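This report describes the pockets and helix packing of a single protein chain. The sequence and model are shown first.

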Amino acid sequence: MKLYGYWRSSAAYRVRIALNLKDLAVEHISVHLVNNGGEQHRQAFKQLNPQALVPALIDANDQHHHCITQSMAIIEYLNEQYPRTPLLPQDAYSRAIVRSMAQILACEVHPLDNLRVLQYLVGEMDVTQDNKMRWYHHWIHQGFAALEALLQQHSGQYCFGDNVSLADLCLVPQVYNAKRFNVDLSAYPNIVRVDNACMQLPAFQQASPEMQPDAN
């Protein structure tokens, strides 16, 4: 199994956590998103992912050779293909709540604060660095406020009860980003509490950006 990713990619971070939780051996292949205009734009990588984004997962053995892109699809694939340590609850309603939490972060917040969006704001729209940060903080706060309300209803030790789920895999990378860009998290005690609980687990610790071979 091979994971094409980048140490600071939030989407690759989610997948690394899933792989660790499921104790799956993987070869990590770095695709630097900044150097030389971004290695994700090289033709060799675009043959794996025409969208030129990380992560991309290769899962190959004698029976199959799968290339999967988009972190949420990768995690759902891993959860179905390797069912030990399930990342979704058993019943349909609970699964829907977990997916709702995860999608607030992965589908609403992260795309608007992603590197290529921020680069476009500055490079093509002439947005100042100060206004870029205002943009970043705005979307973090919108998403975190909604997630905090759901955690108030559904969280236990983790986002949904006392078992790690897909929602936690999405939360931790987004909190990492928020801290990196000095977002005030004082209004989100449940988010901070769950993040702290997750970061006590080796699977999350080992997936953290600074632990990756390509960290710089």
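Two residues are said to be in contact when they have heavy atoms within 4.5 Å of each other. The model discussed here is predicted.

**Packing of α3 and α7**

By that criterion, Met-72, Ile-75 and Glu-76 in α3 meet Leu-166, Leu-169 and Cys-170 in α7. This contact comprises 5 nonpolar residues and 1 charged residue, with no polar ones. The two axes lie 11 Å apart, and α3 and α7 pack at an angle of about 145 degrees. The crossing of α3 past α7 is right-handed.

**Packing of α5 and α6**

Helix α6 spans residues 129–154, and α5 packs with α6 at about 145 degrees, their axes being 10 Å apart. The passage of α5 across α6 is a right-handed crossing. From α5, the contact draws on Val-117, Leu-118, Leu-121 and Val-122, while α6 supplies Gln-129, Lys-132, Trp-135 and Tyr-136. By class, these residues are 6 nonpolar, 1 polar and 1 charged.

**Pockets**

The table sets out the two pockets by volume and by the classes of their lining residues.

| Pocket | Volume | Nonpolar lining | Polar lining | Charged lining |
|---|---|---|---|---|
| Largest pocket | about 750 Å³ | 17 residues | 12 residues | 5 residues |
| Second largest pocket | about 180 Å³ | 6 residues | 4 residues | 1 residue |

Which residues lie nearest the centre of the largest pocket? They are Leu-33, His-110, Asn-114, Leu-115 and Arg-116, out of a lining of 34 residues. Two or more lining residues come from each of α1 (10–21), α3 (71–81), α4 (92–109), α5 (115–123) and α7 (166–180). The largest share of this lining, 5 residues, belongs to α5. Both α3 and α7, which pack against each other, therefore appear among the elements that line the largest pocket, where an element is a helix or strand assigned as a DSSP run.

The second largest pocket is lined by two runs of residues. Thr-85, Pro-86, Leu-87, Leu-88 and Pro-89 contribute to this lining, as do Phe-160, Gly-161, Asp-162, Asn-163, Val-164 and Ser-165.

**Annotated N-terminal span**

The UniProt record, an unreviewed entry, carries the annotation "domain: GST N-terminal" for residues 1–86. In the model, this span is 31% helix and 21% strand, and its end C-alpha atoms lie 19 Å apart.

Definitions and conventions: Residues are numbered from 1 along each chain as its sequence is written. This is a predicted model: local features need pLDDT of at least 70, side-chain atom pairs count only at pLDDT 80 or more; totals for chains, interfaces and linings use all residues. Side-chain values use heavy atoms; hydrogens and water are left out. On a 1 Å grid over the protein atoms alone, a cavity is a set of points where a 1.4 Å probe fits but cannot get out, and a pocket is an open set with protein on both sides within 12 Å along at least five of seven lines; lining residues have an atom within 4 Å of a point. Grid points are joined across faces, edges and corners, and a volume is the space filled by probe spheres set on the points. Helices (H or I, at least four residues) and strands (E, at least two) are DSSP runs, numbered from the N terminus. Ala, Val, Leu, Ile, Met, Phe, Trp, Tyr, Cys and Pro count as nonpolar, Asp, Glu, Lys and Arg as charged, and the others, Gly among them, as polar. Axes are lines fitted to C-alpha atoms, for helices over the stretch in contact, and angles run from 0 to 180 degrees between N-to-C directions. A crossing is left-handed if the near helix is turned anticlockwise from the far one by less than a right angle, and right-handed if clockwise. UniProt positions are given in the numbering used here, feature names are shortened, and annotations may be inferred rather than shown by experiment.
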